[in-house]
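Here is a set of short exercises with worked solutions. Try each task before you read on.

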Amino acid sequence: MRKLKFQYRMQLSFSKPVNRHHFTLRCFPKDSERQQIENQEVKIEPSYDGGDKTDSFGNLCKYGVVEKEHSEFVVNVTGTVCVNGSQFQPVYEKHKVGMFRYHTALTKKGPTIENIYNKCKDKDLSTENFPYIPGISDADNIKNIENNEGSIEVIRRAYYFMNVVHDCLEYAPGITQVNTTAEEAATLGSGVCQDYSHIMLSLLRMEHIPCRYVAGMMMGEGASHAWVEVCDGEKWVAFDPTNNCMVDDSYICISNGRDAKDCTINQGYFYGLPEQVQEIHVLVENVEDEYTNI
Amino acid sequence: MAILSIEHSDRLFWLGRYCERVYTTIKEFAIRFDSMIELKDEDYNEYCIEQDIPNIYTSKEDFIKRYCFDETDTNSIFSNLIRAYDNAVVLREEIGSETLAYVQLAVYAMNKAKTSEAPLVYLQKVVDNIVAFWGMADDDIDSECVRSMLKLGKRVERIDLYARMKMEKAELQREMKRLSKRINRTGIRYSTMKLAHLNYIMEMDEIPTDLVVEEIESLFDVRVNEDVVGL
Amino acid sequence: MKEEELYRYSDTVNELLARYGVKFGIYKNGIFKEQLFPFDMIPRKIGKDEFNYLEKGLKQRVMALNEFIKDIYGDKKIIRDKVVPEEFVYMGSGYLAQCEGVTPPNGIYTHISGIDLVQAKDGEWYILEDNLRIPSGASYPMIARDICRRSSPATFKNNSICDNRNYAKLLRKTMDYVNAGGHTVILSPGRYNAAYFEHSYLAEQTGAHLVTGNEIVVENDNLYFIDYSGRKERVGAVYRRISDEYLDPMNFNPESVIGIPHIYDIYRKGNVALINAPGNGVADDKGIYYFVPKMIKYYLDEEPILNNAPTYLPFYEKDMEYVLEHFDDLVLKDVAEAGGYGVVFGNSMTKDEKEKFIGMLKAEPRRFIAQEVIDFLDIDICDEGKVVPRKADLRAFVLMADEPMVWRSGLTRFSRNPDSFIVNSSQGGGFKDTWVLEE
């Protein structure tokens, strides 16, 4: 278990003032089996009229409207989170994960992804040909794929797809946008965490493996992060295709959904035609570090 | 309880204005048309100046055809009737199907007048339907607020038109009285200063009609710090 | 009196229909035009016993559909029990993930359903389609009946016909039953919508307020109508005639300019009723249609009273075999299309077209359903003074308050083209009144 301190800051700057600015924010980590939130503080400016909701994927949201004119919209979320060592989210109602088995507009395959898939679909994943997967139990690791008891086959498959995705994309910010599809990113050959995740989801869904997009934060300073969770029948197992590793206790989950669209951090609707710039700044540190620094 | 949105109150007001505009301009046109039949050919030039509309017409015949019936001429009577219809059609629930029907019938009559050799006969049908519209509105609309909003449009438009046409002082004064009575029944915001000013200039020996037009057109432009009536 | 004699009143009736602007809008080459909806004087007549049978079947069907929608966005038992394969739910265009876990007021999703039926030559009725999103059409027989009554009072004195004046009352009851407190409004995309006449007529008849998106706003987690004087009046029920995707730019299509931001958020909290419930499209998908009889058995433990037209799902191997074998006898429908589009008859295809189509079918079997061509019972219409037989269907309206209610009338639509089965008004069809007889 690890205790993390986080700061999430999102600033929207408009070149000209806007008014009647409606928003929905989805940037609030929530309690789950893998993480418990302590003393979270949220500051939103300017003041607004609105409320809280939990969306259909269980993500926490704040929504509302800023009526008066403003040129800046700032959200600041700070708090501490205890992240468990075990990274698995149990699945209680297996028949409800079905919706995560199907493509969305963002994960739909095209010729490039089909090609990637065809090259790797027949890979032999039996134990002797497969590396030890860190972060899952030894028992799971040595279970033979042939006896096909479910979980390990899916985990190996996902692990392998993660390696493939990591190799087919070059990390390069600024080339893709929020609405870039998996196929477009794969064709470009470069992208950011969202694109890595979408391509991995696309490959998994070609095999009808239920999998979901996770938006969150990881240790360090910079932008927000995204990764993939795969349901092996009993639990959601998390993979980070951008860093080609299993998700451990240095990650904080914010939201999940079928793709990045379901996890939109800030959706806005306002009157006025300005240029807008969104800046996101994330800082995640060990709480213990803070003490040693003093 | 009747509730009325800003948009619909606005539309009621403009429905009243356009119906009145069609009604009064047809009446005025009929007088001109009559004299144009065999007397003065160029009478329409004067009419355009009075109505403050661009004289884009090339001849008497052209004027009759386009000013009455050309839907693409934004100043034509038909254009104004279509504007009335566009407002009426979204007000079915406020004014009722029966009242709305007369605007619809006026449009049909206008279409007939357009193809007729004796346009005055069919234009009379347009007028008949507009008169029936007002009668039905009076009789059938329960909400006083809705009725008043419609009539306010009519009163404002009439003063505006009469001033432009430089009608007799007594006529203008009569219309001004009717407006003053009506305006407070609607609950609409207006400038009391401008209303007082209008009442004042109506008493002048020679009514400055240009000023009347200016003031009546801006009667509802209420600035925040001004004395306003209504809520 | 013989029915044909009704045609004597055609001119009077058409004049009155024009007077009241009984129109629907269409876009031709990008230009909006209003057209009168062609009306045929001879009504479709349905006997009392026959309609009672239809009524029972329709109520049963709509109850099951309502349960299905509730289940899909909730427990998903029907998926767990493998009665409906999950791909038909999640891959259908009508499924909206945003509706997961949201329960509407009183658990009602299908407030107003328009169920399309056809009668075969042997007298048997078949369900053709369930319309659960924003079915339109009730206003036309409402006003047509009113006008016919005025034009020929004797007809209605001498025939015992169920009064259909109560549609407004049924609709009002339906809206009031789920109202979360406050006014009732009908939300229209505006007058350039094909069904604008209906929106405004229903508002007038039910006493609801007709509004467009910019007249109502969400504040303090409630919906308000803003009066012209600035006064705010709470709205408790919205009979919305705009589709799910345009309803709320903050929850559905962010490009929508006709919706109301956050209306779905407060609906989620139970502070306003939306009629019909968003997400209903999951149950009126052409692919899901196949499963409705199974739903009736599953949820109600009853035998379906009304039959589907015999339907095959190429998704199932056995059905695919049948479809390929009997291709020429079947009509094929693209599940994603509506309004009479995406419908092709096997026997009308050329050899090349057929090959191409079968290729598509094999590549995407879930995308199509195949149906036996029903031998429709033709009904008479008057075409340029001559009485001729034409294809027709019946849209029955089922409204749901504390219990389902079937309107004892309906919209009978007919094809004006002798060779066509397509009755949609957008494709030039006309309509008739539907008389349910008292005996």
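**Exercise 1: Domains and size of chain B**

In this predicted model, the centres of domain 1 and domain 2 of chain B, taken over C-alpha atoms, are 25 Å apart.

Task: Find where the two domains of chain B lie in the sequence. Then check the radius of gyration of chain B against the value for a compact globule.

Solution.
- Step 1. The domain assignment places domain 1 of chain B at 6-142 and domain 2 at 168-231.
- Step 2. Take the 231 residues of chain B; a compact globule of that length would have a radius of gyration near 17 Å.
- Step 3. Chain B has 18 Å, so the value agrees with the rule.
- Step 4. Now look at the extent: along its principal axes, the C-alpha trace of chain B spans about 55 × 45 × 25 Å.
- Step 5. Of the 231 residues in chain B, 42% are buried.
- Step 6. Take the contacts in chain B with a separation of 6 or more: 66% of them join residues 24 or more positions apart.

**Exercise 2: Elements of chain B**

Task: How many helices and strands does chain B have? Write their order along the sequence.

Solution.
- Step 1. Count the elements: chain B has 11 helices and 2 strands.
- Step 2. Read along the sequence: the pattern of chain B is α-α-α-α-α-α-α-α-α-β-α-α-β.

**Exercise 3: The cores**

Task: Which residues touch the most other members of the largest nonpolar core? Which helix gives this core its largest share?

Solution.
- Step 1. The largest nonpolar core has 178 residues, and Val22(B), Ala106(B), Val238(C) and Val272(C) touch the most other members.
- Step 2. Helix 1 of chain B, residues 6-38, supplies the largest share of this core, with 11 residues.
- Step 3. A second, separate core holds 67 residues, including Phe23(A) and Tyr63(A).
- Step 4. Go back to Ala106(B). Leaving out residues up to four places away in sequence, Ala106(B) touches Leu81(B), Val126(B), Asn129(B) and Ile130(B).

**Exercise 4: Which chains meet?**

Task: Which two chains share the most contacts? What is the distance between the closest C-alpha atoms of chain A and chain B?

Solution.
- Step 1. There are 2 pairs of chains in contact, and chains B and C share the most contacts.
- Step 2. Chain A and chain B have no contact; their closest C-alpha atoms lie 17 Å apart.

**Exercise 5: Strands and a helix in chain A**

Task: Find the partners of strand 5 of chain A. Then check the length of helix 5 of chain A.

Solution.
- Step 1. Strand 5 (residues 70-83) pairs with strand 1 (residues 2-25) in the antiparallel sense, over 13 bridges. Here Arg2(A) has Val83(A) as its bridge partner.
- Step 2. Strand 5 also pairs with strand 2 (residues 35-45), again antiparallel, over 9 bridges. Glu45(A) stands opposite Val74(A).
- Step 3. Helix 5 (residues 193-206) has 14 residues; at 1.5 Å a residue it should span 20 Å. Its end C-alpha atoms are 20 Å apart, which agrees.
- Step 4. Helix 5 of chain A is mostly covered, with 13 of its 14 residues buried. His208(A) follows this helix and has a positive phi, near 60°.

**Exercise 6: A sheet in chain C**

Task: Which strands stand at the edges of the open sheet of 4 strands in chain C?

Solution.
- Step 1. The strand order is 13-16-14-15, with antiparallel pairing.
- Step 2. Strand 13 (311-312) and strand 15 (343-345) are at the edges. Each has a single partner strand, so one side of each lacks a neighbour in the sheet.
- Step 3. Strand 14 (residues 330-334) and strand 16 (residues 368-372) run antiparallel, joined by 5 bridges. Lys333(C) stands opposite Ile369(C) in strand 16.

Conventions:
Residues are numbered from 1 along each chain as its sequence is written. Chains are lettered from A and ligands numbered from 1 in the order in which they are written. This is a predicted model: local features need pLDDT of at least 70, side-chain atom pairs count only at pLDDT 80 or more; totals for chains, interfaces and linings use all residues. Domain bounds come from an automatic or database domain assignment. A nonpolar core is a set of buried Ala, Val, Leu, Ile, Met, Phe, Trp, Tyr and Cys residues joined through C-beta atoms within 7 Å. A residue is buried if 20 or more other C-beta atoms lie within 10 Å of its own, exposed if 12 or fewer, and partly exposed in between; C-beta atoms are placed from the backbone. Two residues are in contact if their C-beta atoms, placed from the backbone, lie within 7 Å. Two strands pair if DSSP finds at least two bridges between them. The expected span of a helix is 1.5 Å times one less than its number of residues. The radius of gyration is taken over C-alpha atoms; the globule rule is 2.2 Å times the number of residues to the power 0.38.
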